[in-house]
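Subject: Handing over a structure, with notes

Dear colleague,

I am passing on to you the structure that I have been reading, together with its sequence. Please open it first and keep it beside you while you go through my notes.

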Amino acid sequence: MSRPTGAWRHQQQHRGRMWAASPVFRRQLVLLRSLLPQSPPSLPPSSVAGRRFAPLSSPSGTSGSLRAAHAMAAAAAVYEADAEAVVRRITPPLDRARHKGQAGKIAVIGGCREYTGAPYFAAISALKVGADLSHVFCTKDAATVIKSYSPELIVHPILEESYSVRDDERASVSSKILTEVAKWMERFDCIVVGPGLGRDSFLLDCVSNIMKHARQANIPTVVDGDGLFLITNNLGLVEGNPLVILTPNVYEYKRLVQKVLNCDVNEETASEQLTALCQKIGGVTIMQKGKADVISDGKTVTQVSTFGSPRRCGGQGDILSGSVAVFTSWARHFILSNELPTEKRVNPTTLGCIAGSLLLRKAASLAFEKNKRSTVTTDIIEFLGKSLEDICPAEH
């Protein structure tokens, strides 16, 4: 793929100038800051929540290009989130008056013959963070295995792969699957699509229908793993849906950029490119996973750079997707319950990403401190509760 063209860069500069001057952009920054603790007066104005930030591009050249560079920097400046403050604000108190389900009902769509660990990790992480109920919708072959991992999960063996469905039965089976999932959909506060999903064509078609139904029901959707493979080849599933969160790793992000922006990833304009990607897809939130998790909804760019663990065992992305689902549902409830006008609300998907990123990093750090090189995903999951308790102690 070719590098970004001059026309592409000009387009991003133009967008940068518009967003820097946009009341919506300025309001989003003010609201995000207002949710977090204010910076001490002694700090320079270029700090947010007590931490410095820096644009990824530096102003240079003539006065005209300086203005353009400053505008672009304002639009795509990376703000270090005060993630602990976000966690404390959106985590609901443990109230004796609450009943089962009010702390969150999460569903994971994934799990097939080859992959049973990923949906389990995502679903059990949702429970460990604090959701009341966690469901898994998977294939029949995967269901018994996933059930054997934990009795805490509600497992629905209703998905099918191509090998188990005759060609003349596909339409009826697909309709039956959607009908079964639809019975549950409106009960969920958030769904996670992709962990352990695999790439079987019939299964992906069925999940596409489930995603369309979730959109119609206004259910927030976290897309990870093979779900990202699905939407990269069918962007219409997420285009224009502000309740969608994409959580790509470095390879998945590269494929998204190439597909949507028709260029390669450019580290020199990373934040501008991430913003452009969100805007081009149409209002989705993207958490670009890496050394620092960088989060954008197309309006602001924030990051969580708290160090986690040098151990990069598989499955941490599944923990993250389950955690983000819970925090997003909590953030959405927090914002709606405060009865703020729509134009003054902070994006709950951004807050969910910030909180989920921090919690995983804290848990990974504690797990590595105990287990060192032998740290595996289940070790990290066991520290999710302690990590949340350290940030936001439960009230008795």
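What follows is a description of the sheet, the helices and the buried residues.

Before the details, please keep in mind that this is a predicted model, in which local features need pLDDT of at least 70 and side-chain atom pairs count only at pLDDT 80 or more, while totals for chains, interfaces and linings use all residues. Residues are numbered from 1 along each chain as its sequence is written, and side-chain values use heavy atoms, with hydrogens and water left out.

The sheet

Helices (H or I, at least four residues) and strands (E, at least two) are DSSP runs numbered from the N terminus, and two strands pair if DSSP finds at least two bridges between them. With that in mind, 10 strands form an open sheet of mixed pairing, in the order S3-S12-S11-S10-S9-S8-S7-S4-S5-S6. Strand S3 (78–80) and strand S6 (154–159) stand at the edges with a single partner strand each, so one side of each has no neighbour in the sheet. From one strand to the next, the twist averages 20°, where axes are lines fitted to C-alpha atoms (for helices over the stretch in contact) and angles run from 0 to 180 degrees between N-to-C directions.

Strand S7 (190–193) is a good place to look at the pairing. S4 and S7 run parallel and are joined by 4 bridges, with Ile106 opposite Cys190; S7 also pairs in the parallel sense with strand S8 (residues 221–223) over 3 bridges, and there the bridge partner of Ile191 is Thr221. By contrast, strand S11 (residues 293–296) and strand S12 (residues 301–304) run antiparallel, joined by 4 bridges, and Ser296 has Val301 as its bridge partner. In a regular strand the side chains alternate between the two faces of the sheet. In S7, Cys190 and Val192 point one way and Ile191 and Val193 the other way, and all are buried (under 20% relative accessible area, with exposed meaning over 50% and partly exposed in between, for a 1.4 Å probe and protein chains only).

The core and Phe327

A nonpolar core is a set of buried Ala, Val, Leu, Ile, Met, Phe, Trp, Tyr and Cys residues joined through side-chain atoms within 4.5 Å. The largest one has 60 residues, of which Ile90, Ile106, Leu153, Phe327 and Ile380 touch the most other members, and a second, separate core of 49 residues includes Ile158, Leu256, Val257 and Val301.

Which helix holds Phe327? Phe327 is found in helix H12 (residues 316–337), and because its relative accessibility is 0%, Phe327 counts as buried. Leaving aside neighbours within four places in sequence, its contacts (heavy atoms within 4.5 Å) include Val87, Ile90, Gly352 and Leu388.

Two helix crossings

The axes of helix H4 (residues 83–90) and H12 come within 9 Å and cross at roughly 65°, and H4 and H12 are therefore roughly perpendicular (65 to 115 degrees; under 35 counts as roughly parallel, over 145 as roughly antiparallel, and the rest as oblique). Val87, Arg89 and Ile90 of H4 make this contact with Phe327, Trp330, Ala331 and Phe334 of H12.

The axes of helix H10 (residues 250–261) and helix H11 (residues 270–281) come within 10 Å and cross at roughly 60°, and H10 and H11 are therefore oblique to each other.

With best wishes
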